[in-house]
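Me: I have just opened a structure that is new to me. Could you show me how to read its features, step by step?

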Amino acid sequence: MKDREKYEDRIRTQLENNHWNMMNDSIFKFILGSEEHKVITVSFLNSVLAGSLGHRIEDIEFRPTEQIPENIEDKAPRFDVACELDSGELVDVEAQVVNYHDMERRSLCYWTNMYRSRLPKGWKYQDLRPCITLSILAFSLLPKPKPHSSYSIRENETYELLNEDLGLHFIELKKFLRAAGNKPASELTKMERWMGYFAYRTKKKRKELAMCDDSISMAYEAAEAFFSSREERMNYINSEMAGVDYRSGMQDAEDRGIKIGEERGIKIGEKRLLKLMQILTAQNRNDEIARAMTDDAYLQELYRAYSI
């Protein structure tokens with residue numbers, strides 16, 4: 001309990017010092033997922049997707065972030081930010097802070113849920129439209145050194161594109177921070193400035209970005225408004241604490257698992273050693289017993305020799 005209170009005090013102190021986590025679930029959705037800030041969302045999406053789309057995004061329409069499952073016992077798909085582009089593509093934007101070691105498949109599940117949502121009963125497959133999942137990650141995931149990666153469906157030998165229906169984009173903020181170093185905001189590309197907006201924690205760095213980009217300036221002002229609201233500040237703190245609780249629970253489970261493993265290992269080791277001692281004693285090999293007790297390599301050799 002005391003550790004939890006300590007973490008909460010730390011979060012409140014960070015807020016007072018304008019040290020913000022823009023990947024926090026509450027503020028992330030406030031900035032990118034609200035009608036009020038739609039122009040910000042359009043700018044961000046253009047910075048990442050315009051190149052692969054082959055055209056600029058002029059407008060979007062936000063869609064429900066929680067989908068109704070086909071079967072009542074199924075898990076309801078839930079997106080962080082979901083929208084439809086003016087050109088018809090569906091886009092899901094996800095902020096992922098914790099590495100569950102399943103991000104590649106998780107992204108495919110997000111994409112699948114979006115794709116199927118465009119095919120109600122009675123519709124034809126021709127009615128399906130391209131879907132894009134864009135995942136912003138607070139951790140490193142892929143072997144590629146660059147912070148932005150994109151995937152599509154292509155033929156293995158000729159790399160010919162099958163169709164444009166699947167698009168997976170990953171932005172890895174840790175890789176951006178390493179690549180950007182101390183580069184000034186004025187030398188960053190528009191996509192890199194948006195990466196910086198989500199990666200940087202200090203007000204000074206965010207303000208530098210805002211001075212170089214009108215849309216990020218709007219996002220900067222929106223964040224200021226967010227944190228001026230007592231209710232939104234509490235939403236932010238609760239979201240941060242949920243992450244702390246999860247990581248603490250995972251660490252406790254890992255520690256318990258290690259302890260159980262060590263205890264089982266000791267028991268297994270004791271049984272192996274007892275069996276070996278019984279064999280050597282029966283054979284009156286006392287010198288080898290003494291050596292095995294002081295020479296681990298020799299002990300392991302005896303285990304193998306007697307298939308223990």
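Reply: Happy to! Helices and strands here are DSSP runs, at least four residues for a helix and at least two for a strand, numbered from the N terminus. By that count, the protein chain has 11 helices and six strands. Please keep in mind that this is a predicted model.

Me: What share of the residues in the protein chain is buried?

Reply: A residue is called buried when its relative accessible area is under 20%, and exposed when that value is over 50%. Of the 308 residues in the protein chain, 39% are buried. The accessible surface comes to about 18600 Å², and carbon and sulfur atoms hold 50% of it.

Me: Which strands are joined to S4 by bridges?

Reply: Two strands count as paired if DSSP finds at least two bridges between them. Strand S3 (residues 90-96) runs parallel to S4, with seven bridges joining them. Strand S6 (residues 161-172) also runs parallel to S4, again with seven bridges. You can follow single pairs too: Leu 90 has Cys 131 in S4 as its bridge partner, while Ile 136 is matched with Ile 171 in S6.

Me: What lies between S3 and S4 in their β-α-β unit?

Reply: That is helix H4 (residues 103-117), and the unit made by S3, H4 and S4 is right-handed.

Me: How many residues of strand S4 are buried?

Reply: With a strand, look at which way each residue points. In S4 (residues 131-137), seven of the seven residues are buried. Cys 131, Thr 133, Ser 135 and Leu 137 point one way, Ile 132, Leu 134 and Ile 136 point the other way, and all of them are buried.

Me: How many disulfides are there?

Reply: A disulfide needs two cysteine sulfur atoms within 2.5 Å of each other. Here the count is zero. As for individual cysteines, Cys 131 counts as buried because its relative accessible area is 0%, and Cys 83 is buried as well, at 1%.

Me: Is a loop residue like Asn 24 buried or exposed?

Reply: Check its accessible area rather than guessing from the loop. Asn 24 sits between helix H1 (2-16) and helix H2 (25-32), and its relative accessible area is 1%, so it is buried. A polar atom of the Asn 24 side chain lies 2.9 Å from the backbone nitrogen of Ser 26. Beyond four places in sequence, Asn 24 is in contact with Tyr 236, Ser 239 and Glu 240.

Me: Where can I see residues that are far apart along the chain come together?

Reply: Try Phe 198, in helix H6 (residues 190-199). Its C-alpha atom is 5.1 Å from that of Met 22, although the two residues are 176 apart along the chain. Phe 198 counts as buried because its relative accessibility is 3%. Past its neighbours within four places, its contacts include Met 22, Phe 28, Ile 136 and Leu 173. For the protein chain, 60% of the contacts with a separation of 6 or more are between residues 24 or more positions apart.

Me: Which backbone angles should I look at?

Reply: Most residues other than glycine have a negative phi. His 101, in the loop between S3 and H4, has a positive phi near 65°. Tyr 159, in the loop between strand S5 (148-154) and S6, also has a positive phi, about 60°.

Me: Are His 101 and Tyr 159 buried or exposed?

Reply: His 101 has a relative accessible area of 69%, so it is exposed. Tyr 159 is exposed too, at 57%.

Notes
Residues are numbered from 1 along each chain as its sequence is written. This is a predicted model: local features need pLDDT of at least 70, side-chain atom pairs count only at pLDDT 80 or more; totals for chains, interfaces and linings use all residues. Side-chain values use heavy atoms; hydrogens and water are left out. Buried means under 20% relative accessible area, exposed over 50%, partly exposed in between (1.4 Å probe, protein chains only). A polar contact is a pair of N or O atoms within 3.5 Å; within protein, one must be able to donate a hydrogen and the other to accept it, and residues adjacent in sequence count only if both atoms are side-chain atoms. Contact means heavy atoms within 4.5 Å. A crossover is right-handed if, with the strands pointing away from the viewer, the path from the first strand over the helix to the second runs clockwise. Accessible areas come from the Shrake-Rupley method with a 1.4 Å probe; for residues, only the protein chains shown count as cover.
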